[in-house]
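Ready for a few short exercises? Have a go at each task yourself, then follow the worked solution.

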Amino acid sequence: MPEDAETLEDAALARRIAAGGATIDSAAETELYRRLAPRVRLYGLRHLRDPHAAHDLMQQVLLMTLERLRAGRLREPDRIASFVLGMCRMVVLEIRRGTWRRETLLATYGETAEAVEAPEPLALDADRLAGCLQALAERERTWWS
């Protein structure tokens, strides 16, 4: 009989998820998520200073953690908290790099209004259009009117 997920430690939950392989242990995953999510969110709030970005960080880090556990690609499931903290650091660094890149590109190429002129509207040559319509057979001239 499996132990109740709420009584297990984080490392035991991680081992249980990793041992499941392709079989998803919903109770263990839910409990591990419930325990780790507030920690990851607080890390995000401290380092990103934006509640929405912190929530996105929480979702991304915990999704990657669960995927790696399921695939058996986590070398030390007993150190799950350290792994999650490391993932938080890496994802925050990637977010900051992306923000820096966007800001640099906007500073360099942001003012495109000067570089791009709106094209002049094309003038319709009514005489030429009338000649083309007259060249059509009666049926083709009237099907759309």
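## Exercise 1: two bridges from one helix

R39 is partly exposed, because its relative accessibility is 44%, between the limits for buried (under 20% relative accessible area) and exposed (over 50%), with a 1.4 Å probe and protein chains only. Before we go on: this is a predicted model, where local features need pLDDT of at least 70, side-chain atom pairs count only at pLDDT 80 or more, and totals for chains, interfaces and linings use all residues. Residues are numbered from 1 along each chain as its sequence is written, and side-chain values use heavy atoms, leaving out hydrogens and water.

**Task.** Which side chain meets R39 in a salt bridge?

**Solution.**
- Step 1: look for a side-chain nitrogen of Lys or Arg within 4 Å of a carboxyl oxygen of Asp or Glu; that's what a salt bridge is. D10 fits, at 3.1 Å, N to O.
- Step 2: place the pair. D10 sits in helix α1 (residues 10–20) and R39 in helix α2, 29 residues apart. Helices here are DSSP runs (H or I, at least four residues), numbered from the N terminus.
- Step 3: check D10, which counts as buried because its relative accessible area is 16%.

**Task.** Where do the partners R15 and D78 lie?

**Solution.**
- Step 1: their side chains form a salt bridge at 2.2 Å, N to O.
- Step 2: R15 is in helix α1 and D78 in the loop between α3 and α4 (80–109), so the bridge ties together parts 63 residues apart in sequence.

## Exercise 2: R35 and its company

**Task.** Is R35 buried or exposed?

**Solution.**
- Step 1: find R35 in helix α2 (residues 26–48).
- Step 2: its relative accessibility is 17%, so R35 is buried.
- Step 3: E31 and R35 meet in a salt bridge (2.9 Å, N to O). They're about one helical turn apart, because four residues separate them in helix α2.
- Step 4: zoom out, and salt bridges with shared partners join D10, E31, R34, R35 and R39 into one network.

## Exercise 3: an open space

**Task.** Which residues line the largest pocket?

**Solution.**
- Step 1: on a 1 Å grid over the protein atoms alone, a pocket is an open set of points with protein on both sides within 12 Å along at least five of seven lines, and lining residues have an atom within 4 Å of a point.
- Step 2: the lining is R73, L74, R75, E76, R79, S82 and F83.
- Step 3: sort them by class, and you get two nonpolar, one polar and four charged.

Definitions and conventions
Helix = DSSP H or I, 4+ residues; strand = E, 2+ residues; numbered from the N terminus. 1 Å grid on protein atoms, 1.4 Å probe; cavity = no way out; pocket = protein on both sides within 12 Å on 5 of 7 lines; lining within 4 Å. Nonpolar A, V, L, I, M, F, W, Y, C, P; charged D, E, K, R; others polar.
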